[in-house]
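Have the viewer open? Let's go through this fold together, one question at a time.

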Amino acid sequence: MAQKNNKNLNCVEGPLYVDNTCIDCWTCLHIGKDIFKLDSNSLSFVARQPQTDEDWVQAKEAILSCPVNCIGVINDVRFNQALLSLPRMITDNIFYCGYTSRDSYGGTSYFLKTSQGNILIDSPKFNAQLVQKLKDLGGVDYMFLSHKDDVADHQKFAEFFHCKRIIHRLEVEEFTCECEIILEEEKDIEFFSDVQIIFTPGHSKGHLSLLYKNKYLFTGDHLFYSHDEDKIFASQNLSWHSWEQQKKSIAKLLAFDLEWIFPGHGGWCNKTSLQIKRELSKILV
Ligand code: SF4
């Protein structure tokens, strides 16, 4: 639970606040773009109090999705009345799950509903409300694990939905050795007719991205997106395996006409394929 006596003092006065235990995962920054900002210590604070019903829905989503429960609200009827909409459809049967897990360092997960099977992309918290909503959406047939860091509650999802978990062998650890589909080869594969798994090592040794309909790319920690700068970027500091390898993996993406980037932290973006190619090319310079 958030502690109001440990509130980040940068928060503007009002019922919504963030305490000082934030882990800088960017989840709230994306959910409430104008409400939450980062201070100079990379801790989130409330820059603007919610005003409208939509603001209060965002505040509620942020509170439920914060992996360390450090966002709180001092009793406010508008918060209690806000209707939660998670998982929330972004586009074309792609849903944002919210409910990020501390075990995935607040990693973002998405739910993709396709005619050939539904895929949960990286692991949110195994939360009863979320699980019920996923069940209502048709359940989870596959769980795509982009890399070893964002697996959180994968075991619980697998037990509940009897889904098949997909991971690369270079990412397998004791906790993931029972995954049902362990990819052996270091190459891209056609998974369904409109779903490809792209081998994108760099951030980690066997990192995978998932490409849907040749235009939606789920990147795990291979790429990120900054709302403030409206920029797709990759982090050399977070390139745990090899930055050179990561750049090669980014260069490979130039062959696709991507229009949407769904990163494993923070927010997603929709741009023209030309804009995305330009931004990816800038990372390679
Ligand atoms: S959601 Fe992430 S960035 Fe926002 S307050 Fe919680 S830990 Fe900090």
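What follows is a set of questions and answers on this predicted model.

Q: How many helices and strands does the chain have?
A: Happily, this is a simple tally for the predicted model. The chain has seven helices and 19 strands.

Q: What radius of gyration does the chain have, set against that of a compact globule?
A: The C-alpha trace spans about 55 × 45 × 35 Å along its principal axes. For 285 residues, a compact globule would have a radius of gyration near 19 Å. The chain agrees with that, at 18 Å.

Q: What share of the contacts with a separation of 6 or more comes from residues 24 or more positions apart?
A: As background, buried residues make up 45% of the 285 residues in the chain. Among contacts with a separation of 6 or more, residues 24 or more positions apart account for 55%.

Q: In what order do the six strands of the open sheet stand?
A: The pairing in this sheet is mixed. S12 (189-192) and S19 (269-270) stand at the edges with a single partner strand each, so one side of each lacks a neighbour in the sheet. Read across, the order is S12-S13-S14-S15-S18-S19.

Q: Why is strand S14 largely enclosed by the rest of the structure?
A: In a regular strand, side chains alternate between the two faces of the sheet. In S14, Leu208, Leu210 and Tyr212 point one way while Ser209 and Leu211 point the other way, and all are buried. S14 is largely enclosed because the buried residues number five of the five in residues 208-212.

Q: Which residue is the bridge partner of Ile197 in S14?
A: Strand S13 (residues 195-199) pairs with S14 in the antiparallel sense, over five bridges. Within S14, the partner of Ile197 is Leu210.

Q: Which residue in the turn of the S14 and S15 hairpin has a positive phi?
A: S14 and S15 (residues 216-220) pair in the antiparallel sense over three bridges, and Leu211 has Leu217 in S15 as its bridge partner. Three residues lie between the two strands of this hairpin. The one in the turn with a positive phi, about 50 degrees, is Lys213.

Q: Which residue in S19 stands opposite Ile261?
A: Strand S18 (residues 260-263) and S19 pair over two bridges in the antiparallel sense. Opposite Ile261 in S19 stands Cys269.

Q: What arc do the buried residues of helix H6 cover around the axis?
A: In H6 (residues 243-253), the residues Gln246, Ser249, Ile250 and Leu253 are buried. They are on the same side of H6, because they cover an arc of only 100 degrees.

Q: Which helix is included in what covers the buried residues of H6?
A: The residues being covered include Ser249 and Ile250. Part of their cover is helix H7 (273-284).

Q: Is Asp19 buried or exposed?
A: Asp19 sits in the loop between strand S1 (16-18) and helix H1 (27-31). Beyond its neighbours within four places in sequence, its contacts include Ala2, Asn6, Cys70 and Gly72. With 22 C-beta neighbours inside 10 Å, where 20 or more are needed, Asp19 counts as buried.

Q: Which residues around the ligand come nearest?
A: The shell around the ligand divides into eleven nonpolar residues, three polar and one charged. Of the 15 residues there, those that come nearest are Cys22, Cys25, Thr27, Cys28 and Cys66.

How values were computed. Residues are numbered from 1 along each chain as its sequence is written. This is a predicted model: local features need pLDDT of at least 70, side-chain atom pairs count only at pLDDT 80 or more; totals for chains, interfaces and linings use all residues. A residue is buried if 20 or more other C-beta atoms lie within 10 Å of its own, exposed if 12 or fewer, and partly exposed in between; C-beta atoms are placed from the backbone. Helices (H or I, at least four residues) and strands (E, at least two) are DSSP runs, numbered from the N terminus. The arc is that of the directions from the helix axis to the C-beta atoms. Two residues are in contact if their C-beta atoms, placed from the backbone, lie within 7 Å. Two strands pair if DSSP finds at least two bridges between them. The radius of gyration is taken over C-alpha atoms; the globule rule is 2.2 Å times the number of residues to the power 0.38. A residue is near a molecule or strand if its C-beta atom, placed from the backbone, lies within 6 Å of it. Ala, Val, Leu, Ile, Met, Phe, Trp, Tyr, Cys and Pro count as nonpolar, Asp, Glu, Lys and Arg as charged, and the others, Gly among them, as polar.
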